[in-house]
Each structure stands twice: as structure tokens, then as C-alpha cells.
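Trainee: I would like a close look at the part of this model that surrounds the bound molecules. Please go through the residues that line each of them, and then the framework behind.

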Amino acid sequence: MDIKKIMVVGAGQMGSGIAQVAAQAGFETVLHDLNFDIVNKGLETIKKSLAKFVEKGKITEAEKNEILGRIKPSDSLKNAADCDLVIEAVVEKMEVKAKIFAELDQIVPPHAILATNTSSLPITEIAAVTKRPERVIGMHFMNPVPLMKLVEVIRGLQTSDEVYKVIEELSRKMDKVPVECKDVPGFVSNRVLQVMINEAIWCLYEGVASVEGIDTIMKLGMNHPMGPLALADLIGLDTVLAILEVLYQGYGDPKYRPCPLLRQYVKAGWLGRKTGRGFYSYV
Ligand SMILES: CC(=O)CC(=O)SCCNC(=O)CCNC(=O)[C@H](O)C(C)(C)COP(=O)(O)OP(=O)(O)OC[C@H]1O[C@@H](n2cnc3c(N)ncnc32)[C@H](O)[C@@H]1OP(=O)(O)O
Ligand SMILES: NC(=O)C1=CN([C@@H]2O[C@H](COP(=O)(O)OP(=O)(O)OC[C@H]3O[C@@H](n4cnc5c(N)ncnc54)[C@H](OP(=O)(O)O)[C@@H]3O)[C@@H](O)[C@H]2O)C=CC1
């Protein structure tokens with residue numbers, strides 16, 4: 001199957017990054033969100049990222065403009081009618097994703113693949129709201145998408161071998177390294193990562209060390225590029241909490257219990273970089 005046109009649903013930090021790497025790989029790309037204000041914010045993020053690549057000599061100014069020219073804004077899911085692939089990257093909430101997949105299933109052509117960038121939710125459950133569960137798959141990019149090499153490819157119970165191969169090949173065309181993973185809560189990436197982030201938040205909650213102290217210990221002690229609290233701020237504390245809830249409910253194991261401090265920050269609207277305040281301040 002030949003993929004020519006891709007829609008990305010959700011123009012937040014992940015959706016804009018995915019649209020960018022799709023356009024960089026030469027695909028006609030549609031960036032969709034609920035309204036054009038959000039889409040334009042996403043396009044601004046893409047422009048800044050591409051400008052960095054020009055600055056570093058990775059691409060030319062002309063290439064930057066060609067890439068941007070391949071991305072079309074959208075505020076109607078109907079624009080997916082001629083797309084071969086849709087990659088969904090909206091908030092980490094099953095009810096929102098299920099509604100979008102049910103709608104997309106009615107709009108896209110029969111051959112089209114529906115992929116989700118979910119961090120933790122069951123692919124099989126998302127696929128079940130469509131009449132094409134064999135053409136639904138998890139395509140889990142890492143943040144920041146333009147820089148991170150991994151795509152975790154998750155097969156739902158009914159995902160076909162053909163669809164898996166198409167997405168594996170597409171990930172390579174996007175200059176990413178695909179790794180196959182089974183459909184379990186949090187897959188591999190977040191099953192491992194979020195336990196570390198949650199434990200770092202528990203350390204802060206119990207006063208074991210300061211925010212900077214915890215992050216410095218993990219950066220200098222483990223050679224991590226960022227400390228776990230700075231990383232949580234990058235991911236978004238709402239997303240971290242949503243993933244931990246999926247792990248906690250999915251495995252029924254108290255080791256995934258989200259720290260009360262995390263819940264409190266999310267309730268306060270301290271979601272990390274995207275709101276200007278999380279464990280650190282960004283204003
Ligand atoms: C939650 C999930 O479901 C799954 C996930 O994604 S979990 C999160 C996974 N991601 C990680 O773990 C990221 C960990 N952090 C890192 O790897 C690195 O800190 C990083 C790649 C993000 C940044 O690299 P760094 O060397 O530490 O810092 P930094 O100096 O800020 O960035 C390097 C350069 O990349 C640039 N850069 C950052 N984001 C960029 C982007 N989106 N596009 C283009 N350039 C970018 C920076 O501007 C910077 O450029 P200069 O050197 O000119 O200043
Ligand atoms: N953050 C991360 O590090 C990673 C996140 N993910 C996953 O990617 C997905 C998106 O996360 P992220 O980009 O961080 O989140 P953001 O909050 O940055 O973006 C989510 C976007 O989805 C939009 N949206 C919400 N509801 C709808 C809808 N019904 N239709 C269309 N768009 C909608 C939001 O609009 P509005 O602003 O109006 O709400 C927002 O633009 C989640 O599933 C997350 O788990 C995967 C890998 C890494």
C-alpha cells in the first residue's frame with residue numbers, strides 16, 4: 001500500500017511534531033484541530049523547529065519553505081476523506097479518542113489506516129469503535145518528535161500484518177526507528193518511564209530532596225539528558241497523570257499509584273511547560 005497523504009489530528013506538542021516529520025519525509029500533510037487558532041499555534045511550533053534546523057545547517061531555507069508548503073491546516077475531520085493514513089494525537093482520554101475514531105471510520109476511504117499516538121491506552125479498545133479494527137494501530141512517537149528517534153509500534157489484537165509492515169516502513173521513511181510492542185497498558189516506554197517519574201515526585205513529596213536536587217542526581221548520576229521532574233514538565237503533568245491512571249487501573253498494582261502531589265499540581269493547572277508552570281517555572 002502506498003501512502004501519499006496523511007492527516008494528523010491534534011495540533012498540540014505531539015501532533016505538530018508528527019505533522020512536521022511527515023512533511024519533512026515528503027508526504028502531503030493535513031494538520032487538524034478543533035479550530036484554526038490551535039492549528040496556527042501548531043504551525044508556529046513547526047516553523048520554530050524548522051528554523052532551528054536551518055540555523056544548524058541541517059536543511060536550507062528553501063527546504064524549510066517546501067516542508068511548510070506541504071502542511072495544510074484543517075478544522076473539519078471531513079478533510080480526511082482523501083487521506084491514506086490518519087495519525088491521532090489528541091488528549092490522553094479514551095472517550096475523546098473513541099469519538100474521533102468512530103467519526104474518522106465513516107470519513108476515510110476503505111483502504112486508509114487509522115493510527116493513534118496514545119501513550120498508554122489500549123489500541124484494541126480504540127480499534128473496537130471502528131468497523132476496520134485490522135487497520136488500526138498504535139504509532140507512538142517520542143517528545144520532542146523532530147529530535148527523538150523512536151517510534152513504538154503497537155499492534156492491537158486484530159491489527160493485520162500488512163498494516164504493521166506499512167507503518168514500520170513509514171516510520172523509517174520519517175527517519176525513525178520502529179520497535180514492535182504488544183498492546184499492554186503503557187506499552188514498554190511508559191510502563192518503565194512513568195514509574196521513575198512518579199517515584200521522583202514521591203521523593204519531592206516526602207522532602208527527600210529539592211526539585212533541582214532530584215533532577216541533578218538523575219542527570220549526573222545516571223547520565224540522563226534531563227532530570228525526571230524536568231521531563232515530566234516537558235511531557236505535561238496532565239499526560240503523566242493520565243498515563244499513571246491507565247497503568248494503575250490496567251494492572252491493579254499499587255506500584256503505579258499516582259503521587260498526591262501530582263494530582264494537586266494537575267488540579268491547580270500546573271501542567272508543566274505548556275502552561276508556564278510545573279515543577280519549574282517557565283515564565
Ligand atoms: C510521554 C510519552 O508517551 C513518551 C515520551 O515522549 S517520554 C519523553 C521522551 N523524551 C525524552 O526522554 C527527552 C529527554 N531529553 C533529551 O533527550 C534532550 O534533553 C533533548 C533532545 C530534548 C534536548 O537536548 P539537549 O541537548 O538536552 O538540550 P537543548 O540544548 O535544549 O537542545 C538541543 C538543541 O535542540 C534544539 N531543539 C529542541 N527541541 C527542538 C525541536 N522540537 N526542533 C528542533 N530543534 C529542537 C534546541 O533548541 C537546542 O538547540 P541549540 O543547541 O541551538 O540550543
Ligand atoms: N506529551 C508527550 O510527551 C507525549 C504525548 N503522547 C500522547 O500524544 C497525545 C497528545 O499529547 P500532547 O500533544 O502532549 O497534548 P497537548 O495537550 O499538547 O495537545 C493535545 C491537542 O489535542 C487537541 N484536542 C483535544 N480534543 C480534541 C478533539 N476532540 N479534536 C481535535 N483535537 C482535540 C487539543 O486542543 P485543546 O488545546 O483545545 O484542548 C490539543 O491541541 C496524547 O495521547 C499523549 O498521551 C505521546 C508521546 C509523548
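Mentor: One convention is needed before the residues are sorted: Ala, Val, Leu, Ile, Met, Phe, Trp, Tyr, Cys and Pro count as nonpolar, Asp, Glu, Lys and Arg as charged, and the others, Gly among them, as polar. The model is a predicted one. By these classes, the shell around ligand 2 holds 11 nonpolar, nine polar and four charged residues.

That shell consists of 24 residues, and the closest to ligand 2 are Asp 33, Glu 92, Lys 97, Ser 119 and Ile 235. Several contacts of ligand 2 go through its oxygen atoms. One such atom is 2.7 Å from an N or O atom in the side chain of Ser 119. For the side chain of Lys 274, the distance from an N or O atom to an oxygen atom of ligand 2 is 3.2 Å. Gly 12 takes part through its backbone, with a polar atom 3.5 Å from an oxygen atom of ligand 2. Taken alone, ligand 2 would expose 890 Å², of which the protein buries 81%. Two or more residues of the shell come from each of α1 (13-24), α4 (94-107) and β6. Helix α4 gives the largest share, three residues.

Now to ligand 1, which has 18 residues around it; Ser 49, Ser 119, His 140, Asn 143 and Asn 190 come nearest. Ser 119 is thus named again, having been listed among the closest residues to ligand 2. Its side chain places a polar atom 2.8 Å from an oxygen atom of ligand 1. Asn 190 also uses a polar side-chain atom, 2.8 Å from an oxygen atom of ligand 1. Asn 143 contributes a backbone N or O atom, which lies 2.7 Å from a nitrogen atom of ligand 1. Ligand 1 taken alone exposes 1100 Å², and the protein buries 63% of that. The elements that supply two or more residues to its shell are α2, α7 (189-205) and α9 (228-235). Of these, α2 gives the most, with three residues. Sorted by class, the shell around ligand 1 has 11 nonpolar, five polar and two charged residues.

Asn 143 has a further feature: its peptide bond to Pro 144 is cis, with omega near 0 degrees. Pro 144 sits in the loop between β6 and β7 (150-155).

The strands form the framework. There are eight in an open sheet of mixed pairing, ordered β3-β2-β1-β4-β5-β6-β7-β8. At the edges stand β3 (71-74) and β8 (177-181); each has a single partner strand, so one side of each is left without a neighbour in the sheet. From one strand to the next the twist averages 25 degrees. Within the sheet, β5 (residues 113-116) and β6 (residues 136-141) run parallel and are joined by three bridges. Leu 114 stands opposite Val 136 of β6. Helix α2 (residues 36-55) packs on this sheet, where it touches β2 (28-32) and β3, and its direction makes about 155 degrees with that of β3. Helix α2 is also the element that gives three residues to the shell around ligand 1, while β6 is among those that give two or more to the shell around ligand 2.

One backbone detail belongs to the approach to edge strand β8. Asp 175 has a positive phi of about 65 degrees, although it is not a glycine. This residue is found in the loop between α6 (161-173) and β8.

Technical notes. Residues are numbered from 1 along each chain as its sequence is written. Chains are lettered from A and ligands numbered from 1 in the order in which they are written. This is a predicted model: local features need pLDDT of at least 70, side-chain atom pairs count only at pLDDT 80 or more; totals for chains, interfaces and linings use all residues. Side-chain values use heavy atoms; hydrogens and water are left out. Two strands pair if DSSP finds at least two bridges between them. Helices (H or I, at least four residues) and strands (E, at least two) are DSSP runs, numbered from the N terminus. Axes are lines fitted to C-alpha atoms, for helices over the stretch in contact, and angles run from 0 to 180 degrees between N-to-C directions. Contact means heavy atoms within 4.5 Å. A residue is near a molecule or strand if one of its heavy atoms lies within 4 Å of it. A polar contact is a pair of N or O atoms within 3.5 Å; within protein, one must be able to donate a hydrogen and the other to accept it, and residues adjacent in sequence count only if both atoms are side-chain atoms. Accessible areas come from the Shrake-Rupley method with a 1.4 Å probe; for residues, only the protein chains shown count as cover.
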